[in-house]
Amino acid sequence: MKTSKWIWFVWLLVVLCYVVPYGVLSDVQTWYGSFLFWSLIGVLIIGANIFMTKNFEDY
């Protein structure tokens, strides 16, 4: 299976989920910046999971 690039992509997104809200957006006093970011990252992770598992078969 060629899922290694997708796994690294998911790990990159997970790291960004901590770095961006707690680092880049730490001076923003409202919650909707982090919420929008986490919502978009969630959609990207769902898409990556679809691509990672699309070749799985029942044995």
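## Two helices, questioned

The protein has 2 helices and 0 strands. The model is a predicted one.

Visitor: How much of the protein counts as buried?

Guide: Of its 59 residues, 19% do. The accessible surface comes to about 5100 Å². Carbon and sulfur atoms hold 70% of that surface.

Visitor: Why is serine 34 called buried?

Guide: Its relative accessibility is 14%. Buried means under 20%. The value falls under that cut-off, so serine 34 counts as buried.

Visitor: Where does serine 34 lie, and what does it touch?

Guide: Serine 34 sits in helix H2. It touches Pro21 and Leu25, leaving aside residues up to four places away in sequence.

Visitor: Why is leucine 44 called partly exposed?

Guide: Its relative accessibility is 41%. Partly exposed lies between the 20% and 50% cut-offs. The value falls in that range, so leucine 44 is partly exposed.

Visitor: Which residues does leucine 44 touch?

Guide: Leucine 44 belongs to helix H2. Beyond four places in sequence, its contacts are Phe9 and Leu13. How far is leucine 44 from valine 10? They are 34 residues apart in sequence, and their C-alpha atoms are 8.5 Å apart in space.

Visitor: What makes asparagine 49 partly exposed?

Guide: A relative accessible area of 32%. Buried would need under 20%, and exposed over 50%. Asparagine 49 meets neither condition, so the label is partly exposed.

Visitor: What separates asparagine 49 from isoleucine 7?

Guide: Along the chain, 42 residues. Between their C-alpha atoms, 8.7 Å. Asparagine 49 is in helix H2.

Visitor: Which residues make up the largest nonpolar core?

Guide: It has 5 residues: Leu13, Cys17, Val20, Phe37 and Ile41. Helices H1 and H2 (32-53) each give two or more residues to this core. H1 gives the most, with 3 residues.

Visitor: What makes that set a nonpolar core?

Guide: Two conditions apply: the residues are buried and of the nonpolar kinds listed for a core, and side-chain atoms within 4.5 Å join them. In soluble globular proteins, nonpolar side chains tend to be buried together.

Visitor: What does valine 20 touch?

Guide: Leu25 and Phe37, not counting residues up to four places away in sequence. Phe37 is also listed in the largest nonpolar core.

Visitor: Which residues form the nonpolar patch on the surface?

Guide: Val15, Tyr18, Val19, Tyr22 and Trp38. Together they have about 560 Å² of accessible area. Helix H1 (residues 4-24) gives the most to the patch, with 4 residues.

Visitor: How do you know that valine 15 is accessible enough for a patch?

Guide: Valine 15 has a relative accessible area of 46%. A patch residue needs over 30%. The value passes that cut-off, so valine 15 meets the area condition.

Visitor: Why is valine 15 called partly exposed and not exposed?

Guide: Exposed needs over 50%. At 46%, valine 15 does not reach that, so it counts as partly exposed. Valine 15 lies in helix H1.

Terms used: Residues numbered from 1 in each chain as written. Predicted model: local features only at pLDDT ≥ 70, side-chain atom pairs only at ≥ 80, totals over all residues. Heavy atoms only, no water. Patch = residues over 30% accessible without salt bridge, like charges linked within 9 Å, V, L, I, M, F, W, Y side chains within 5 Å. Areas by Shrake-Rupley, 256 points an atom, 1.4 Å probe, with all protein chains shown as cover. Salt bridge = Lys/Arg side-chain N within 4 Å of Asp/Glu carboxyl O. Buried < 20%, exposed > 50% of the residue type's maximum accessible area, 1.4 Å probe, protein only. Contact = heavy atoms within 4.5 Å.
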